[in-house]
Amino acid sequence: MLINQKKLANFQGSAFVGRPNLAAAGGYDSLVNQTLVTDRARNRMQNLIGGYLQGVTSREVMLSILKWEMALMDGNVVDDFLRDLRTNWILDPDVLDAVSRTYTENVQHWVFPEEPQSSTQLPDAIECTIPELVESAGMAVGILRQVLNMLVGVNTRLNLRRAYESVEQALHLVSEEVALLEQAGELVGSGALLAPAFPGRKVQEASWCSTKGAPLTPKQIIWLASLAEGQRELSLTYADGISHHSTLPQLVAEQVLVGDRQRIWAEEERVFGEEYGIALARTCPRCNSGPGENCRSYKGMETSIHKRRYTTAS
Ligand SMILES: [Zn+2]
């Protein structure tokens, strides 16, 4: 079952109510809740199709919203919905086809990497999946739009210019984030390939899939997906990349190792060269060889530079 009790409680009330009440979790309640959520999802999907048929919603918008609704639901709920669509609705065959394919060719195969421990360590975190997050953020956008409308339509005389501007700004910011989340979420879920490194950085330098790498932002995921074309043999899915945060993908690991080693050697070489030059420019306090001359042994043979020649004052 996709939706557990904790998630259910979140979906029942507003999406913005913080930690859900787990005390009410129980067998019968759970069953009733499950049905409610399923009904609500089905209603939302049906409203969406209805809106499209009435010309309120464009085909493109309808499909993009439906995509995330379907990602959120259990497979059999979606199957029921698609069957209902085929038998009880008058839809153009190509629209019906587009809806089915959105599910069977995309959403159905989405898999999101899960880290069950991460949110349980934070007492106030609501554990959720990417589709649930997208859904919730989308609801926030809808509510902010509604608030804007209400600010204009409030029937008591008030100067609400500042309130309007604030909500408008919030709407703009949240909408932008939702768009990025949707795009990145789809790339992660569908297992799209991402480039291992950002432009200008060598692949062997630690990137998001390295042991010390930080997780990517949605924007970075979208960016790296667009860069993956040029370096497909090194590209990998986000799930694979972050699963190697402690152990690197072999190919990348080897290159990181080689690159690290070369960097260390080059740096040692440079520091040694500098110190050697400085020491050689001095007179050796031990064998008395002058500036630029090599050190000599007691018997007059050339030797490596005497240690004290490195540390003595010029
Ligand atoms: Zn010497």
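This passage describes the overall make-up of a predicted model, its largest nonpolar core, the packing of two helices and the surroundings of a residue in the segment after α12.

The chain contains 12 helices and 2 strands, and from the N terminus on its elements follow the order α-α-α-α-α-α-α-α-β-α-β-α-α-α. Of its 314 residues, 20% count as buried. When contacts between residues at least 6 apart in sequence are considered, 65% of them join residues at least 24 apart.

In soluble globular proteins, nonpolar side chains tend to be buried together. In the present model, the largest nonpolar core comprises 36 residues, and M70, L194 and I221 are those with the most contacts inside it. At least two residues of this core come from each of α2 (27–53), α3 (59–72), α4 (75–88), α5 (93–106), α7 (130–153), α8 (161–189), β1 (193–194) and α9 (218–227). The greatest contribution is that of α3, which gives 6 residues. With regard to the domains, this core takes at least three residues from domain 1 (5–111) and at least three from domain 2 (129–190).

The surroundings of L194 can be described in further detail. When its neighbours within four places in sequence are left aside, L194 is in contact with I221, L224 and A225, with A228, and with S235, L236, T237, Y238 and G241. Among these partners is I221, which, like L194 itself, is listed with the residues that have the most contacts inside the core.

Two packed helices are described by the angle between their axes and the distance between the axes. For α8 and α9, the packing angle is about 55° and the axes are 8 Å apart, which means that α8 is oblique to α9. The crossing in which α8 passes α9 is left-handed. On the α8 side, the residues that meet α9 are L180, L181, Q183, A184, L187 and V188, and their counterparts in α9 are P218, K219, I221, I222 and A225. Of the α9 residues in this list, I221 and A225 are also among the contacts of L194.

Towards the end of the chain, T312 is placed in the segment after α12 (307–311). Because 14 other C-beta atoms lie within 10 Å, T312 is classed as partly exposed. Apart from its neighbours within four places in sequence, T312 is in contact with R282 and P285. T312 and A279, although 33 residues apart in sequence, are 8.5 Å apart in space when taken from C-alpha to C-alpha.

Conventions: Residues are numbered from 1 along each chain as its sequence is written. This is a predicted model: local features need pLDDT of at least 70, side-chain atom pairs count only at pLDDT 80 or more; totals for chains, interfaces and linings use all residues. A nonpolar core is a set of buried Ala, Val, Leu, Ile, Met, Phe, Trp, Tyr and Cys residues joined through C-beta atoms within 7 Å. A residue is buried if 20 or more other C-beta atoms lie within 10 Å of its own, exposed if 12 or fewer, and partly exposed in between; C-beta atoms are placed from the backbone. Helices (H or I, at least four residues) and strands (E, at least two) are DSSP runs, numbered from the N terminus. Domain bounds come from an automatic or database domain assignment. Two residues are in contact if their C-beta atoms, placed from the backbone, lie within 7 Å. Axes are lines fitted to C-alpha atoms, for helices over the stretch in contact, and angles run from 0 to 180 degrees between N-to-C directions. Angles under 35 degrees count as roughly parallel, over 145 as roughly antiparallel, 65 to 115 as roughly perpendicular and the rest as oblique. A crossing is left-handed if the near helix is turned anticlockwise from the far one by less than a right angle, and right-handed if clockwise.
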